[in-house]
Amino acid sequence: QLGGTMEDTIAAIATAYGEGGIGIIRISGPEAKSILDKLFIPKNLEITEHIANRRLYYGNVVDKAKNQRIDEVLAVFMNGPRTYTAEDVAEIYCHGSIISLRKILDLALQHGARLAEKGEFTKRAFLNGRLDLTQAEAVIDVIRAKTEKGFHVAVDQMEGALSEKIRSLRSIIMDLLVDVTVNLDYPDEDIEELTYDALEKSLMLINDNIDRLLATADTGRIIREGLHVAIIGKPNVGKSSLMNALLKESRAIVTEIPGTTRDTIEEVLTIQDIPVRLVDTAGIRETEDVIEKIGIEKSKESFNKADLVIFMIDGSRPLSEEDFRIINHIDDNKTIVMINKTDLGQTVSDQEIKSLLPGAATIKAAIREDKGIEELEQKILSLVYGGKVKQEESLLITNVRHYNLLRSAKEASKDALDMARNREALDFIEVDIKRCWELLGEIIGDSVTEDIIDQVFERFCLGK
Ligand code: GDP
Ligand code: ZN
């Protein structure tokens with residue numbers, strides 16, 4: 001079995017560090033009750049009475065050895081398995097002072113608890129079978145969600161939406177696998193023969209299902225990490241003005257999204273709940289530019305990384321050499337050209353842009369007069385949802401681990417399908433079907449190695 005013994009009792013501060021109204025110490029494991037008894041004295045409780053299961057008590061945390069009261073608290077004991085970790089759990093709600101929290105935690109450790117590792121409570125919930133791996137992974141996404149949409153997707157995953165999908169897919173594969181095996185092992189018996197046509201049909205269905213999940217990954221990544229947008233343009237065309245206009249509109253300014261490097265200066269904002277990372281590749285904030293300063297190579301790198309490039313020009317004047325230099329380096333298929341300053345007259349026409357950058361969308365804008373911003377937001381949104389994934393859809397692949405496993409599973413099922421089409425031997429096909437089934441199993445945590453489990457929970461915070 002995984003994870004070794006869980007015979008020890010763990011404790012940690014479960015709430016965020018800093019000042020707060022209350023703070024919570026969580027203790028989980030076989031000694032949870034006895035540790036609580038040692039450090040907590042309830043008020044208004046007869047000496048002979050015991051702390052009852054799932055009841056909230058008011059009282060004091062006391063360091064009995066030093067005869068010292070630590071804090072006035074509420075405390076609860078919940079016996080397993082219907083708890084977060086599926087073990088016995090005690091929770092102490094104290095004042096949210098780091099001093100109180102640390103002292104109570106120290107007491108719990110003195111009375112036999114071990115300091116929990118990052119994510120260890122959730123890891124126990126997984127090892128005890130209360131959550132599968134995708135659900136456990138979703139816990140951290142819920143905690144870290146910075147947009148409503150991201151939160152919604154994570155909560156659904158935590159409740160098992162993705163697991164359910166994977167399980168139903170696996171059961172289809174298992175049925176097929178049984179058919180194949182029976183046909184291989186008992187070819188002469190009086191069983192229904194599995195024809196290649198039927199096999200092909202089943203494998204096609206499996207393939208389609210995996211494909212459909214994979215297709216959600218682009219949107220999933222954007223929901224989780226944000227859409228990478230680079231604004232580019234020569235100095236003085238209005239880039240900073242656009243940036244400010246977008247930031248002003250953005251309701252909840254996202255401050256930090258984990259899992260991504262901050263190697264460029266960027267602003268994060270939301271457009272209708274889609275996190276957008278505006279990357280300063282081209283002097284978003286500087287007045288003097290860019291292309292020269294950071295060099296063509298570096299700029300090109302940023303364009304390549306960006307999901308979307310907003311190329312801004314001063315539409316009231318003819319295109320200049322600097323504009324052409326940029327035009328020569330951008331991928332028109334992911335570019336929106338903002339023809340700005342049209343309030344001063346439009347010298348550069350849409351047609352001219354179309355002939356230079358056939359794949360690009362154009363927007364006639366006058367940022368100073370707030371013209372073109374709404375259209376830009378609409379274009380960004382349609383790019384994210386692109387008709388492929390509906391906005392209401394919440395079963396999205398947001399996790400790279402899941403994505404990679406799905407990709408491999410898809411390869412296996414595709415190989416099996418190709419072999420079935422070529423009428424190759426069943427026992428070869430069986431190997432790939434089995435592999436597909438196993439890879440999907442790894443997503444939900446069936447047959448994963450301890451290494452992978454450790455990697456998953458390393459991403460967690462302390463106390464969760
Ligand atoms: P950046 O260097 O590309 O970031 O350009 P800025 O945003 O700093 O703008 C340069 C100048 O152009 C500022 O004086 C802006 O007020 C002005 N500007 C920006 N947008 C418009 C516009 O739509 N029309 C006009 N007439 N001026 C604009
Ligand atoms: Zn600027």
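This is a short tour of a predicted model, stop by stop, with something to select at each one.

Before you click, know that residues are numbered from 1 along each chain as its sequence is written, while chains are lettered from A and ligands numbered from 1 in the order in which they are written. Because the model is predicted, local features need pLDDT of at least 70 and side-chain atom pairs count only at pLDDT 80 or more, though totals for chains, interfaces and linings use all residues.

**Stop 1: ligand 1**

Select ligand 1 and the 16 residues around it. A residue is near a molecule if its C-beta atom, placed from the backbone, lies within 6 Å of it. Coming nearest are Gly238, Lys239, Ser240, Ser241 and Arg368. Colour the shell by type and you'll get five nonpolar, seven polar and four charged residues. Here Ala, Val, Leu, Ile, Met, Phe, Trp, Tyr, Cys and Pro count as nonpolar, Asp, Glu, Lys and Arg as charged, and the others, Gly among them, as polar.

Which helix gives the largest share of this shell? It's H9 (residues 239-249), with three residues. Helices are DSSP runs of H or I with at least four residues, strands are E runs with at least two, and both are numbered from the N terminus.

Now pick Ser240, which lies in H9. The unreviewed UniProt entry lists Ser240 and Thr261 under "binding site"; such annotations may be inferred rather than shown by experiment. Is Ser240 buried or exposed? Neither, quite: Ser240 counts as partly exposed because it has 18 C-beta neighbours inside 10 Å. The cut-offs are 20 or more other C-beta atoms within 10 Å for buried, 12 or fewer for exposed, and partly exposed in between.

**Stop 2: just before H9**

Step back to Asn236, in the loop between strand E8 (227-232) and H9. Asn236 has a positive phi of about 75° although it is not a glycine. With 12 C-beta neighbours inside 10 Å, Asn236 counts as exposed.

**Stop 3: helix H7**

Select H7, whose 20 residues should span 28 Å at 1.5 Å a residue, and whose end C-alpha atoms are indeed 28 Å apart. The expected span is 1.5 Å times one less than the number of residues. Show Leu199, Ser202, Leu203, Ile206, Ile210 and Leu213, which are buried. They're on the same side of H7 because they cover an arc of only 95° around the axis, going by the directions from the helix axis to the C-beta atoms. Why does that spacing work? An α-helix has 3.6 residues a turn, so residues three or four places apart point the same way. Spin round to the other side of H7 and you'll find Asp197, Lys201, Asp208 and Arg212 exposed.

What covers the buried residues of H7 includes H6 and helix H14 (400-421). Contact here means C-beta atoms, placed from the backbone, within 7 Å.

**Stop 4: helix H6**

Hop over to H6 (residues 161-185), which has 25 residues and reaches 36 Å from its first C-alpha to its last, close to the 36 Å expected. Its buried residues include Leu162, Ile166, Arg170 and Val180. Among the elements covering them are helix H5 (148-158) and helix H15 (426-444).

**Stop 5: the loop between E5 and E6**

Last, select the loop between strand E5 (68-78) and strand E6 (89-96), where Pro81 is found. Check the Gly80 to Pro81 link: it's a cis peptide bond, with omega about 5°. The loop also holds Ala86, which has a positive phi of about 75° without being a glycine. Ala86 counts as partly exposed, with 19 C-beta neighbours inside 10 Å.

Conventions:
Two residues are in contact if their C-beta atoms, placed from the backbone, lie within 7 Å.
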